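Visitor: Could you take me through one part of this model slowly, and show me how one chain is divided up and how it meets its neighbour?

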Amino acid sequence: MTRCTLLLLPALLCLASCQRETQVEKANREKIFIVGNANDPKALDPHLVTGVIEHNIIRALLEGLVAEDPESDTGYPPGAATSWEHNADFTEWTFHLRPDGKWSDGAPLTSADFDFAYHRLLHPDLAGPYAEMLYFIKNAEAFNKGEITDWSQVGVATPDDYTLKITMREPVPFLLGMTRHYTWFPVPRHVILRFGKMTDRFTKWSEAGNYVGNGPFVLKEWRFNDKVETVKNPLYWNAAHVKLNGVRFVPVENFYTETRGFLAGQLHTTYQLPPPLVEKIRAEHPEFLRQEPYLATDFIRTNITRPVLDNPKVRMAMSLAIDRKQLCDNILQGNTPCGTITPDLGDYHPDQIVSFDPERAKALLAEAGYPGGKGVPRFKILMSSTGSRATIEALQAMWKDTLGILVDPQPKDWGSYVTAQQKLDYDIALAAWTGDYLDPSTFLLMWTKGNGNNNTGWSNEEFERLLSEAAHQSDEKQRLEFFKKAERILIEEQPILPISYRGRNYLLRPEVKGWHKLLLDNHPWAEISLEP
Amino acid sequence: MTSAEKGSSLWLDAWLRLRRNRASMVGLVFLFLIGAICVILPSIPDFLQDPNKTDLLHRNLGSSGEHWFGTDHLGRDLFSRVMFGGRVSIAVGLITTFVAVTIGVVWGAVAGYVGGRMDAFMMRVVDILYALPFLVIIILLSKILEPYTDELTVWAVDLIAGKSATAKQLNDTRTWVEPLSTLVPVFVAIGALSWLTVSRIVRAQVQSVASLDFVEAARSLGLGHLRILFRHILPNSLGPIIVYTTLTIPGVMMFEATLSFLGLGVKAPNSSWGVLIQEGANFMLTNPMQLLFPSIFFSVTLFSLNFLGDGLRDALDPKAAKD
Amino acid sequence: MFKILLSRLLQSILVLYLLFTITFFLTRAMPGNLLASERAMPEHIRAKVEAYYGLNKPLTTQYAMQLGNFVQGDPGYSYRLEGRPVIEVIQQALPVSFQLGITAMIVALSIGIPAGCIAAARKNSLIDTGSMMLAMLGICLPAFVIGPILAEYFGRKLGALPAYGWEAGTPNTWILPAITLGLAYAAYLSRLTRAGMLETLSQDFVRTARAKGVPGSQILIRHCLRGGLIPAVAYIGPAFAGIVSGSLVVETVFQVPGLGRQFIKAIETLDVPMILCVTMIYGTLVILANFVTDLAGAWLNPRLRKSA
């Protein structure tokens with residue numbers, strides 16, 4: 001027996017010592033930044049995707065005209081372009097590209113690559129799902145819909161190899177921010193054409209080994225559900241400044257697993273901290289906890305084509321009965337209650353229009369002809385099956401207690417959840433929207449008639465008039481004023497019941513430097529360093 | 001031997017033998033107790049607290065006189081949630097297992113006994129059903145049955161509460177009827193697919209028993225096939241069947257939890273033991289009690305079922321009589 | 001023997017064909033849109049994308065196309081991971097699932113069968129009750145409870161093993177997931193083995209052997225193990241097929257890049273080629289496993305051989 005123990009002991013010690021260096025410590029040594037990224041990207045071709053997960057990775061591989069500022073959402077350091085100018089009413093923008101800009105295979109990066117990228121994304125044959133991000137360009141929408149076929153009519157021009165001129169369809173003062181979205185990034189024309197035609201959806205150009213980019217990192221490997229590995233791009237124009245040797249994206253779907261892995265030293269930062277763990281982490285590991293606002297809003301869509309819900313008073317009563325503070329304090333930790341849809345962004349400070357007011361809620365419901373909820377049918381509240389059960393349960397209780405309105409949850413898998421909303425085949429639905437750039441239009445334009453993301457059946461002429469006024473206004477202050485008025489109409493009619501501004505709770509190791517609080521959460525990978 | 005008098009039936013014999021098995025009797029008593037409190041307590045109006053009443057100011061409380069098991073992450077009374085959830089779980093476990101075992105035993109026994117082409121055909125059917133994506137079937141079934149489950153709920157509530165029921169009575173009845181009626185697609189789907197393993201086990205067992213001498217003897221006596229199969233072979237194969245049944249019940253209960261996780265099982269705000277354990281697992285580090293209480297109920301039920309199953313197996317064993 | 005194999009093979013092809021057909025039409029009957037995405041896709045774009053995948057053609061044509069693809073051994077492109085061949089995804093996920101499945105099965109067999117035998121030999125003793133209670137714990141504590149507990153303790157507190165992840169070349173990343181997955185199966189196996197052993201122990205030939213004075217352990221191993229394992233073996237076959245293609249919870253808790261998660265994601269996003277491909281793999285495994293089980297059953301029960 002003792003012999004056995006004696007033999008076992010060194011084996012155990014060896015096991016323990018082999019594991020003494022955690023993955024994060026090893027990565028610190030190798031200067032690899034390990035990021036929890038929640039899911040596999042749908043693709044890495046920037047023209048085939050729509051999500052945030054993909055944005056995080058594509059930002060490392062490709063760079064737009066303007067780079068990201070590590071400390072501010074509204075700082076615009078030079079990226080692929082070194083300088084730019086616009087005319088007085090923001091309808092014509094000229095970008096001067098960096099003459100030493102190169103792709104990761106050594107080919108020069110020219111304005112033709114940008115022209116090619118916009119041409120490709122807008123080309124109807126490619127059917128890029130997020131082409132509408134480029135609709136701000138003159139004639140882009142018509143080209144994308146096949147109404148015109150002559151690319152030269154679209155407002156993109158390349159006077160020379162290093163100049164890009166973009167003509168907009170309306171004043172776009174927020175263009176600089178938008179160019180940091182992957183839909184505005186260049187793509188390597190020479191590589192795409194080597195593997196197929198411009199409009200081929202599935203070619204091998206975006207696979208590891210073939211992927212050529214102009215960002216600070218190059219794609220090294222993508223193992224499905226396991227990791228996306230990138231390494232430093234020595235030909236990046238600012239490569240001398242890049243401190244990391246690579247970024248590894250790990251698609252940990254289960255956030256409890258992710259948190260456990262982080263605490264065991266397997267990640268530098270996580271995607272999301274599950275709300276039940278926030279208190280515990282705050283008490284035990286305050287050095288890791290980050291709670292920051294994020295450009296997204298949780299709200300409830302109502303289908304106003306349904307009886308009873310077509311009555312704005314009923315909708316308002318349901319909205320007033322939601323105790324948003326309770327929800328945020330107890331369930332949606334890290335979120336802030338909101339009385340409107342657009343968050344505070346840049347110079348836009350929206351009015352908080354609705355808040356918890358049970359008495360007025362009851363009075364309104366009675367006024368609408370349903371005192372105490374009598375006569376209101378049982379609604380179904382549509383949710384994605386992975387959505388928050390706790391939120392639904394709290395809402396059920398609030399509506400039942402205050403208004404006597406009963407709702408049943410209707411969980412559906414993601415595809416059916418999306419489809420049911422698009423077909424207006426639901427009563428009310430738990431929803432969220434993430435802004436794509438720092439301008440109220442990213443939260444307001446979707447509520448116009450026929451917009452594919454409206455899905456409420458609601459429309460309002462005055463609302464749309466105000467939005468188009470805003471679109472043609474080049475004075476920034478005036479423009480925001482119009483948005484404010486439009487937003488008030490939207491919220492007073494309540495096709496959507498705002499709940500909370502999203503906050504992001506996540507974990508970050510203290511040795512990560514160059515990571516600052518950002519509303520858009522696009523921390524530039526090139527600026528990050530690991531200093532244990 | 002004195003008590004087993006001449007005219008006593010197989011079942012009476014079995015019961016007498018079962019009574020002598022102490023572990024089984026303890027299991028039986030526990031099962032009765034748990035069944036009784038989970039079925040009866042929630043039916044008494046206003047006896048338990050409303051299991052779905054949230055109180056966000058009193059979340060994650062420990063045990064107290066007011067909340068015996070404390071409260072959950074929404075401030076709901078955990079004791080009544082465990083009781084109401086138990087009823088759902090017991091129903092799911094019993095109903096679907098009954099369906100599964102009945103189909104599985106008949107299918108497997110016939111395939112194993114008849115053999116040849118019939119056996120090959122029946123077992124290939126099992127192969128196909130095995131390999132079909134289970135979730136797709138459940139999603140489809142719940143989609144197809146969804147409109148009917150709503151009607152079923154309303155109908156059942158009206159039936160149970162009676163015509164002259166007040167709004168409150170209706171609501172109370174609904175609280176416990178609804179979790180069950182909305183689960184009908186799950187009952188159907190799990191029941192219809194979990195007989196597959198049963199049928200394979202029964203088939204193997206029947207094949208092995210059918211080749212034993214006493215069956216040959218029965219055959220040579222000219223007994224009918226059905227009689228041989230159901231009177232001679234099956235009783236001799238009961239052991240694994242009973243044991244697998246006692247294993248299927250908890251398996252099904254847990255499967256319901258996995259389905260709830262995917263949004264297909266019991267619907268919020270209702271609960272079942274599986275759902276409670278699953279939610280509790282998320283609070284394992286912060287409030288372990290929320291995992292512990294439903295787990296205890298679940299485990300005790302399982303242990304009892306298990307010991308009762310063993311006792312039954314012994315008691316029904318035809319050869320045991322000779323001992 | 002050759003005739004049996006051939007007939008079994010033909011049956012299997014028919015089964016796979018039926019399986020393919022049923023699955024194809026089932027998935028197409030599923031609610032929800034193919035190619036659904038979080039941002040609404042404008043109609044003109046949706047139409048184009050559908051044309052890319054041939055979804056604008058009549059259902060029967062699509063069926064024929066898919067079937068053709070599968071017969072040729074290439075299921076085509078995934079709808080979810082755009083531009084990625086399904087086969088590429090499978091090539092990465094299947095070996096992982098096999099590693100996980102086999103290690104878990106080893107765990108299950110090496111715990112379940114001995115425990116069942118010992119319990120049967122010492123029926124109604126403390127060892128019996130104790131080991132059966134332990135076995136039941138494996139069922140009472142499902143993977144989403146055991147997994148996090150193991151990961152929390154061994155991964156985080158002790159730091160001895162990784163809290164999540166899977167690397168083909170690093171067996172210490174396999175330990176926790178395999179144990180978590182194996183325990184539940186061990187529980188079932190030990191219960192079934194015990195039942196089967198008890199069944200055999202009560203047969204007449206055992207009495208004869210006992211009467212002849214053959215020692216207990218020899219009776220158990222020489223005479224009873226074969227017959228006693230029949231129910232357990234009938235369970236192992238399908239269980240192994242299931243373990244390889246559907247260990248969803250363990251794969252999620254430990255972030256294992258296996259087939260189970262790919263399958264669930266495919267179902268959630270209605271990725272038809274991927275659903276079909278995984279189903280066909282699963283079907284093949286089930287058929288193989290059941291065939292092997294039948295062979296093993298015949299070997300364990302010599303009297304069956306003449307009829308098999």
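Guide: In this predicted model, chain A is divided into two domains, of which domain 1 is made of two separate stretches, 9–253 and 508–530, while domain 2 covers 293–504. If you take the C-alpha centre of each of these domains of chain A, the two centres lie 32 Å apart. Where the domains touch, domain 1 of chain A gives 17 residues to the contact and domain 2 of chain A gives 16 residues. On the side that belongs to domain 1 of chain A, the residues that touch domain 2 of chain A can be sorted into 10 nonpolar, 3 polar and 4 charged.

From there we can turn to the neighbouring chain, since 44 residues of chain A are in contact with 43 residues of chain C. Several helices of chain A take part on this side, and α1 (2–18), α8 (255–263) and α14 (414–422) each supply at least two of the residues that touch chain C. The largest share comes from α14(A), which provides 6 residues. Sorted by kind, the residues of chain A on this side are 17 nonpolar, 15 polar and 12 charged.

One pair of helices across this boundary deserves a closer look, and it helps to know that two packed helices are described by the angle between their axes and the distance between the axes. The axes of α8(A) and of helix α6 of chain C, which spans residues 143–157, come within 10 Å and cross at roughly 15°. Because angles under 35 degrees count as roughly parallel, α8(A) is roughly parallel to α6(C). The crossing in which α8(A) passes α6(C) is right-handed. On the chain A side, the contact is made by Tyr256(A), Arg260(A) and Leu263(A) of α8(A), and on the chain C side by Pro148(C), Ala151(C), Glu152(C), Gly155(C) and Arg156(C) of α6(C). Taken together, the residues of this contact of α8(A) with α6(C) divide into 4 nonpolar, 1 polar and 3 charged.

For some background, chain B can be described as a whole, and its secondary structure comes to 13 helices and 0 strands. Along the principal axes, the C-alpha atoms of chain B fill a box of roughly 75 × 50 × 50 Å, and buried residues make up 49% of the 323 residues in this chain. Among the contacts in chain B with a separation of 6 or more, 69% are between residues that lie 24 or more positions apart.

Note on methods: Residues numbered from 1 in each chain as written. Chains lettered and ligands numbered in written order. Predicted model: local features only at pLDDT ≥ 70, side-chain atom pairs only at ≥ 80, totals over all residues. Contact = placed C-beta atoms within 7 Å. Helix = DSSP H or I, 4+ residues; strand = E, 2+ residues; numbered from the N terminus. Nonpolar A, V, L, I, M, F, W, Y, C, P; charged D, E, K, R; others polar. Buried ≥ 20, exposed ≤ 12 C-beta atoms within 10 Å, placed from the backbone. Domains from an automatic or database assignment. Axes fitted to C-alpha atoms, helices over the stretch in contact; angles between N-to-C directions. Parallel < 35°, antiparallel > 145°, perpendicular 65-115°, else oblique. Left-handed = near helix turned anticlockwise from the far one by under 90°.
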